[in-house]
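Got your viewer open and a hand on the mouse? Let's take a walk through this protein, one selection after another.

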Amino acid sequence: MPDDHSDTLEITVNGQAVTVGDRSLTLLDVLRFQALVLSVKDGCSPQGQCGCCTVLVDGRPRVSCVTPVRRLRGKAIITVEGFDPNVAGAWADAFAATGGSQCGFCTPGIICRFEGLRATGADHHDREAAAKALLAHLCRCTGWQPVIDAWERFGSGLVDPKPDSDAKPNSGVEVSARVEVGVKVAVRNASLANETAARASELRAELEGGVTQQVGPHVALGQGGFADDTAPTDALFAAASGDGWVVAPTRAEALRLAAGNQARHTTAVFGPPIALPAGEWALSLQTSWVEPGYLETDASWCEPGGRPASPLANGGAFGAKRASRVTDAARMLADRYQQPVRVLYSRIDAVRRGPKRPPLAAGLRADGSGVVRVARTPGIRQVIGAVAPGVHVVEVEIAGPPTAVDIRGAGWLEMEAMAAALRGEVGWITAPGGGAASASISADGSVDVWVRCGDPLDETVLRSYCTGAAHMGLGLVTSESLGVDENGEIHDLTLRSFGILRAVDTPTIRVTIEPDDGPTVNGSEAVFAAVASAAWLARGCPAEWPAR
């Protein structure tokens, strides 16, 4: 075995020896890009703040993106691929049963965290312990509650970590679904009725997420088909640098060449970027910059002369990736180098280059008429006008990151919240897509949501998306902001600086799905607006968001 001063070292991953030739790499570099362990996701590297790359090192959870591989000689490294298949399957089933996994990008790391917590003998009915364990993680989709439900369900006896292999399907024609856990494959039987139900679940997820999405236990294990997971192993790596790209044989080298990847968080407080319109108003609102905070950063790859992989993959990123530059870059660079190229944004690239919801400053009279000054954004005038025809929209130039109407609820949500404030109640809010929702916040901070969106298709999936939308609506009004100075420079470049509510900060959210014989439509967008409105009303409608 090489000594401590050798250029190489050997580590053990899921029981297999892996020789590492560059001791400066992180464990994430080695696992994902050398050992090809794709359940280990990179959502913030090298910040160590999203938890998506969490693995077990000698049985204890560790964030691999900030763990130098040189410190791991003699350590046993386990990822979900290395779990006993029955245990991995039981965790996956628990997350699927509770809606604890939507895109599935964060869940392999959370499962490793929970497996480490389980090894300590923690009580599965102790939801507070699970929430505290999640302090090292971020889930942007689910609003945390379904994730903690999965922790409880795994230990409740509803999910058996050693399922009966002789169990038979209830009825119908048997079909096979292959669920791969590392190199081990478990073949599970399902009835034709279950296959139909699975398609209904996918349709609901597509309606809520805005893109084609997979649904099922395999998604919780990180097998949702993300863009970078499908890249060929011989692809070059490209990283953003200034207005261009640098290309290298490895991801680590591309990031080194790109430089400028230092994360930071400011303690400075920046006010709303747009001044209120002049006038006498019954109600006013100024919003700050807000970061969408999606976890899977923009990624694509392309063969020479081919079609680039979509960065949307298994998650819509709340509209923030629809115009991403990574697809054009992947095509251009593959043609230039005549070799497959995979393009990945770092977390900082996503913050600096990704679009934000347009900040605005609005004043309304008691009759709902008024003026909205909003960051110049193609289509924003039409979006606001569709829900607030009595409002005069003035677009203004401000320094800062790009903006887009594709961002979830951009423009129309703020107008619906102001309308609710004028009438003194949330009422029923109808989103542009047709779904309707109402919400209230109790004295203890808990949130009740009612949603109408036609046939639920899958109540677990719908409830999960609505819980996540409620979490986002709360955060938008009470805590989320992005530090951008008057020159447009972003000063908050770490995930934890965005103000996204943590599991320990998130109140109980109760979702009631109302009977509705109307068309089957998206429901979570209306929930987002309804909960934001309820949160603002509960705080007395202060003139700025976030209303800390």
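## The tour

Start with everything shown and nothing selected. Among contacts between residues at least 6 apart in sequence, 70% join residues at least 24 apart. Keep in mind as you go that this is a predicted model.

**The whole protein.** Colour by secondary structure, and you'll be looking at 14 helices and 20 strands. The radius of gyration is 24 Å, close to the 24 Å that the globule rule gives for 548 residues, so the protein is as compact as a globular protein of that length. Turn the C-alpha trace along its principal axes and it spans about 80 × 55 × 45 Å.

Now switch on the surface. About 22200 Å² is accessible, and carbon and sulfur atoms account for 49% of that. Buried residues make up 57% of the 548. If you colour the charged side chains, expect 50 positive and 62 negative ones, with the centres of the two sets 4 Å apart.

**The largest nonpolar core.** Hide the surface and select Val372, Met418, Val449, Val527, Val531, Trp536 and Trp545. These are the residues that touch the most other members of the largest nonpolar core, which has 61 residues. Which helix gives this core its largest share? Select residues 524-538: that's helix H14, and it supplies 10 residues.

Stay here and centre on Val449. Beyond residues up to four places away in sequence, Val449 touches Ser438, Ala439, Ala470, Arg510, Val511, Thr512, Val527 and Val531. You've met two of those already: Val527 and Val531 were in your core selection too.

**A second core, and helix H5.** Next, select Ala90, Ala133, Leu138 and Trp151. They are among the 50 residues of a second, separate core.

Now pick residues 145-154, which is helix H5, and find Ala150 in it. Is Ala150 buried or exposed? It's buried, with a relative accessible area of 0%. To see what surrounds Ala150, show Trp91, Ala94, Phe95 and Thr98: these are its contacts once neighbours within four places in sequence are left aside. You can also draw a distance from Ala150 to Ile111, which comes out at 9.6 Å between C-alphas, with their positions 39 residues apart in sequence.

Ile148 is in helix H5 as well. At 7% relative accessibility, Ile148 counts as buried, because the cut-off is under 20%. Its contacts, again leaving aside neighbours within four places, are Arg127, Ala130, Ala131, Leu134 and Ala503. Of these, try Arg127 for a distance: Ile148 and Arg127 are 21 residues apart in sequence, yet their C-alphas are 6.4 Å apart in space.

**Helix H1.** Jump to residues 27-34, which form helix H1. Six of the eight residues of H1 are buried, so the helix is largely enclosed by the rest of the structure. The buried ones to highlight are Leu27, Leu28, Asp29, Val30, Leu31 and Arg32.

What do those buried residues pack against? Bring up strand S1 (9-13), strand S2 (16-20), S3, strand S5 (76-78) and helix H8 (251-258) to see the partners. Then step past the end of H1 to Leu36, where phi is positive, near 60 degrees.

**Two cis peptide bonds.** Keep following the chain to Ser45 and Pro46. The peptide bond between them is cis, with omega near 5 degrees. Pro46 sits in the loop that runs from helix H1 to strand S3 (54-57).

For the other cis bond on this tour, select Trp545 and Pro546, where omega is near 0 degrees. Pro546 belongs to the segment after strand S20 (544-545). Trp545 should look familiar, since you selected it in the largest nonpolar core.

**A loop with positive phi values.** For the last stop, show the loop between strand S11 (299-302) and helix H9 (326-337), and click on Ala313 there. Phi of Ala313 is near 40 degrees, a positive value in a residue other than glycine. Ala317 lies in that loop between S11 and H9 too, and its phi is near 55 degrees, also positive in a residue other than glycine.

How exposed is Ala313? Ala313 is partly exposed, with a relative accessible area of 23%. Ala317, at 10% relative accessibility, counts as buried.

Terms used
Residues numbered from 1 in each chain as written. Heavy atoms only, no water. Helix = DSSP H or I, 4+ residues; strand = E, 2+ residues; numbered from the N terminus. Rg over C-alpha atoms; globule rule 2.2 N^0.38 Å. Buried < 20%, exposed > 50% of the residue type's maximum accessible area, 1.4 Å probe, protein only. Contact = heavy atoms within 4.5 Å. Areas by Shrake-Rupley, 256 points an atom, 1.4 Å probe, with all protein chains shown as cover. Lys, Arg positive; Asp, Glu negative; His and termini not counted. Charge placed at Lys NZ, Arg CZ, Asp CG, Glu CD. Core = buried A, V, L, I, M, F, W, Y, C linked by side-chain atoms within 4.5 Å.
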